[in-house]
Amino acid sequence: MTSYRMRDRLIRDHTVTVPLDWTAPDDGRTMEVFAREVAHVDRVDAPLLVFLQGGPGGTGPRPMPGGGDWIDEVLKTHRLLLLDQRGTGRSTRVERASIAGMSADDAAAYIRLFRAEQIVADLEHLRRTVFGGVRWQTLGQSYGGFLTLTYLSFHPEALAASYVTGGLTSVDPDPVEVYRRTIPRVEAKTAEFYRRYPEDADTLARIVDIVEGSDVRLPSGDRLSARRLQTLGIEFGMKPGFERMHWLLDEAFSRPGVLSDHFLAEVDAATQYWRGPLYALLQEEIYADGDGATAWAAQRVRDERGGLPATDGPMPFTGEMFFPWMFDEIASLRPFRDAAHALADRVDHPRLYDRTRLARNEVPVAAAMYYDDMYVDFPQAEETARFVPHTHLWVTNEYEHDGLRQDPRIVRALIDRVVAEGGPLA
């Protein structure tokens, strides 16, 4: 452990060595897991809250003092533990070199070791060896809500309370059903974007004509295609997503018929995954619970809906979903192409959730769910809230999926809700 001051905060950095595979802890393979503990200097012994980052493959946030954000709000009453989930940040990372020389099947088996059940095991090791087995609280944003349900399934004794923002998912996951529900949400958001900025439909049509009719290269060397442009719709699930898209298109041309270097660089940056390839690799794997291949579920659902043509009418967009072609066309994903296909073909998956234990849950859970969330289906969140006892659901359409970043009052409302219901478990 190393410690230092950052203005009015005490920072403690923790690095531990853990088994690469918690189901075979004695096979000799290990990795490092990093977590940063943050406390206000006047509250260094406050209750400990673990932040479960979104993703999958998300790095823990780097706190900036005086930002007035949700971290500042949490530090009024808690210490905060910011985990770099295995495969990210200062933990042992998954990068191109991680699977260099491996067969596709071996690489797929390796990548599967960065799923939720392994992350929860890492946290349990930290809790017991670094924090003396303290019963702690968790805050899960987006995919962090999935991790919350896994934690409640296998180690509820570790948790005093759990808070979730935009991430209460089905405890009986099926990737095909997920995309059957979320693709229509993307279509609705796309229609809303064109209602708000109708002139952008023409701009996009002109861009599509150029990229489909000529060899337009991004700074990475990748060829820009219409279907790659469509993936920019992932931004529509965030509060300023429409505006980010509008201003990107505002500077699309340097002169008539010529796409600007600025536009090409921005598109390239928005559609590469150098910092986090696990986000793409595990996007369907986070719904793989037990037997059955994911088999490129998003592509299958897209095909059953007739595809998304890029030239008939306003250009459609896609959302938080990954398709096989992306591992051919995107430089940062190309090294993982064979592993991604092998992973999609795997039919045997560890269990993500223990439904019997979840049905007997005693840990207080307060969850904020956003009615219009593009990424996480609200009706499934309702079903889970009814299934898992002691879950209190706050439903609002005031926020998009990034509500936690937009308004720190959200986390305080969840903490206060648990206090009002009797408080965290002792």
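Helix α8 (241-250) provides five residues to the lining of the second largest pocket, the largest share from any element. In this predicted model, α8 is joined by α9 as an element that gives two or more residues to that lining. The pocket holds about 260 Å³ of space, and its walls are formed by Leu232, Glu235, Gly241, Arg244, Met245, Trp247, Leu248, Glu251, His262, Glu266 and Ala270. Sorted by class, these comprise five nonpolar, two polar and four charged residues.

Helix α9 (261-270) also appears in the largest pocket, where α9 and α16 (403-406) each supply at least two lining residues. About 1,100 Å³ of space lies in this pocket. Its lining counts 31 residues, and those nearest the centre are Gln53, Gly58, Met238, Tyr279 and Arg405. The class breakdown here is 13 nonpolar, twelve polar and six charged residues.

Turning to enclosed space, the model contains nine cavities of 30 Å³ or more. The largest of the cavities has a volume of about 120 Å³. Helix α13 (337-345) and helix α10 (277-281) each contribute at least two residues to the lining of this cavity, with α13 giving the most, three residues. The residues around the cavity are Ala280, Leu281, Gln283, Glu284, Glu285, Thr294, Trp296, Phe322, Phe327, Ala340, Leu343 and Ala344. Eight of the lining residues are nonpolar, two are polar and two are charged.

How values were computed
Residues are numbered from 1 along each chain as its sequence is written. This is a predicted model: local features need pLDDT of at least 70, side-chain atom pairs count only at pLDDT 80 or more; totals for chains, interfaces and linings use all residues. Side-chain values use heavy atoms; hydrogens and water are left out. On a 1 Å grid over the protein atoms alone, a cavity is a set of points where a 1.4 Å probe fits but cannot get out, and a pocket is an open set with protein on both sides within 12 Å along at least five of seven lines; lining residues have an atom within 4 Å of a point. Grid points are joined across faces, edges and corners, and a volume is the space filled by probe spheres set on the points. Helices (H or I, at least four residues) and strands (E, at least two) are DSSP runs, numbered from the N terminus. Ala, Val, Leu, Ile, Met, Phe, Trp, Tyr, Cys and Pro count as nonpolar, Asp, Glu, Lys and Arg as charged, and the others, Gly among them, as polar.
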